[in-house]
Amino acid sequence: MSELQPVRGTRDLIGEDHRRHQHIIDTARRVSASYGLEEWATPIFEDTRVFSRSLGESSDVVTKEMYSFQDRGGDSLTLRPEGTAGVCRALVTNGLTQALPQKVFYAGPMFRYERPQKGRYRQFHQIGAELIGTAEPLADAEVIACGWDILKALGIAHDVVLEVNTLGDRDSRTAYRAALIDYFTAHQAGLSEDSLARLERNPLRILDSKDEGDRRINAGAPTIHAHLTEAAAAFYAKLKDYLAGFGVPFVENPSIVRGLDYYGHTAFEFVTSRLGAQGTVMGGGRYDGLVEEMGGPPTPAVGWAAGIERLSMLLADVPAAPRPVAVVPVGEAAEAPALAVLQQLRHAGIRAEMAYRGNLKRRLERANRIGARAAVILGETEIARGVAQVKDFVSGAQQEVPVAELPTRLR
Ligand code: ATP
Ligand code: MG
């Protein structure tokens, strides 16, 4: 048994790691609820087609990163690599395309077969937000403002920059695509193998490459802005006005394209310089075509997802380990009444613990070891008088307190 190890690219969340993780989810849940979002939980595995249709057969996630397997019934299933596809599938299969808009928050594990490194795992976790059924750029700005408020509430907003771009509408992209193919064809000698393969199929995604050589070529690539239709340019201008209205600071970055194929108009990322190559903590955009891909009616939608592990690494204020109250019986006869006190505290919502054995000295040592903030000491004389000695480990003070008053005094 000693050779068993966690699977490469997976991590255990224990102690402080788990508290950080949970704090991020709790905060995101609270902030997104203030924006009217409702939490959904969709299955962790889906029919493989949910992802191959949503991500596009040519995306990296589909071709290289998916954890797919055949179950005993012969169906091809996939551990979800991202959350949006499942939410859209659920929207359609639950008949909710008739009940729009839907404003959705989710949190949970995602799975991608990637090369593990700092900030990149094979099981990682995301929080995400989706506004489904709204075509106005106000929705794009609002969902970004929600993300920004979560980063602010986590105390990491000063470490990130919001970068926005537009991918235009279909006509804009057709024109831009042709310009990109011209440009990259002229530079194809310097392109990576992956990018060469994308040149004809999806040149837009070359802009998303992490390869050094590609990045140098990308720096000189034409931007979409000269190719935007009037309507797409107006949409983008409104987005920027609304962001200013929400008070969300941003910069424009014409090289931002979403890694996935179904995005149009708004694309954005919150990036940090503190995590090396894994600098994107939150990414999103508008995906008006996806619900239809899932078999629903044409439905506009916009959203984002953020990597909890990356947010966790930026978190400065680590939630402190909780400090319990230690209940300490003195002598065997005190144990039963001490149990009653222990439960009285717990039922009042106070974290309370009692050691399973030991004399007074041992129990106080243990209380110290588990970081107790106070000890409630119950000897036979105290019990007879309906009181307890409360030792406050923070101030060092000791005081006699009537048992009935313990919950109020210790809260
Ligand atoms: P990257 O460019 O870093 O590969 P991506 O474009 O694949 O990111 P998205 O699919 O947009 O990422 O997912 C949204 C967020 O989820 C990312 O910004 C990142 O914070 C996080 N994320 C994505 N893949 C991983 C991973 N393998 N491990 C940890 N976090 C991840
Ligand atoms: Mg990726």
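Two strands count as paired here if DSSP finds at least two bridges between them. With that in hand, here are some close-up views of this predicted model.

**View 1. The hairpin of β15 and β16 has five residues between its strands.** Within this hairpin, look for Gly396, which takes a positive phi near 85°. The strands themselves, β15 and β16, run antiparallel and are paired over five bridges. To find your place along the pairing, start from Ala388, which stands opposite Val401 in β16.

**View 2. The hairpin strands belong to an open sheet of five strands.** Reading across the sheet, the order is β13-β12-β14-β15-β16, and the pairing is mixed. At the edges sit β13 (352–353) and β16 (398–402), each of which pairs on one side only. The parallel sense is found between β12 (residues 325–329) and β13, which share two bridges. There, Ala326 faces its opposite number Glu353 in β13. An antiparallel example is β14 with β15 (residues 387–392), joined by four bridges. In that pair, Val376 stands opposite Val390 in β15.

**View 3. Helices α12 and α13 meet the sheet at β12, β13 and β14.** Helix α12 (residues 335–347) packs on the sheet, where it touches β12, β13 and β14 (374–378). The direction of α12 makes about 165° with that of β12. Helix α13 (residues 360–369) lies across β12, β13 and β14 as well, and α13 runs at about 175° to β12.

**View 4. Helix α1 crosses helix α5 at roughly 135°.** The axes of α1 (residues 16–34) and α5 (residues 137–153) come within 9 Å of one another. Since only angles over 145 count as roughly antiparallel, the crossing angle makes α1 oblique to α5. The crossing is right-handed. On the α1 side, the contact is made by Thr27, Ala28, Arg30, Val31 and Ser32; α5 contributes Cys146, Asp149, Ile150 and Ala153. Sorted by class, this contact of α1 with α5 has five nonpolar, two polar and two charged residues.

**View 5. Helix α5 also crosses helix α9, here at roughly 40°.** The axes of α5 and α9 (residues 230–246) come within 8 Å. Angles under 35 degrees would count as roughly parallel, so the angle found here makes α5 oblique to α9. This crossing, too, is right-handed. From α5, the residues in contact are Pro137, Leu138, Asp140, Ala141, Glu142, Ile144 and Ala145. Their partners on α9 are Phe235, Lys238, Leu239, Tyr242, Leu243 and Phe246. The residues of the contact of α5 with α9 divide into ten nonpolar and three charged, with no polar ones.

**View 6. Phe45 and Phe69 form an edge-to-face aromatic pair.** The structure holds six aromatic pairs, and this view takes up one of them. A pair of aromatic rings is described by the distance of the centres and the angle of the planes. For Phe45 and Phe69, the distance is 6.4 Å centre to centre, with 65° between the planes. Phe45 lies in strand β2 (residues 45–47) and Phe69 in strand β3 (residues 67–70), so the pair ties together parts that are 24 residues apart in sequence.

Notes. Residues numbered from 1 in each chain as written. Chains lettered and ligands numbered in written order. Predicted model: local features only at pLDDT ≥ 70, side-chain atom pairs only at ≥ 80, totals over all residues. Heavy atoms only, no water. Axes fitted to C-alpha atoms, helices over the stretch in contact; angles between N-to-C directions. Parallel < 35°, antiparallel > 145°, perpendicular 65-115°, else oblique. Left-handed = near helix turned anticlockwise from the far one by under 90°. Contact = heavy atoms within 4.5 Å. Nonpolar A, V, L, I, M, F, W, Y, C, P; charged D, E, K, R; others polar. Phe/Tyr/Trp six-rings, centres within 6.5 Å; stacked < 30°, edge-to-face > 60°.
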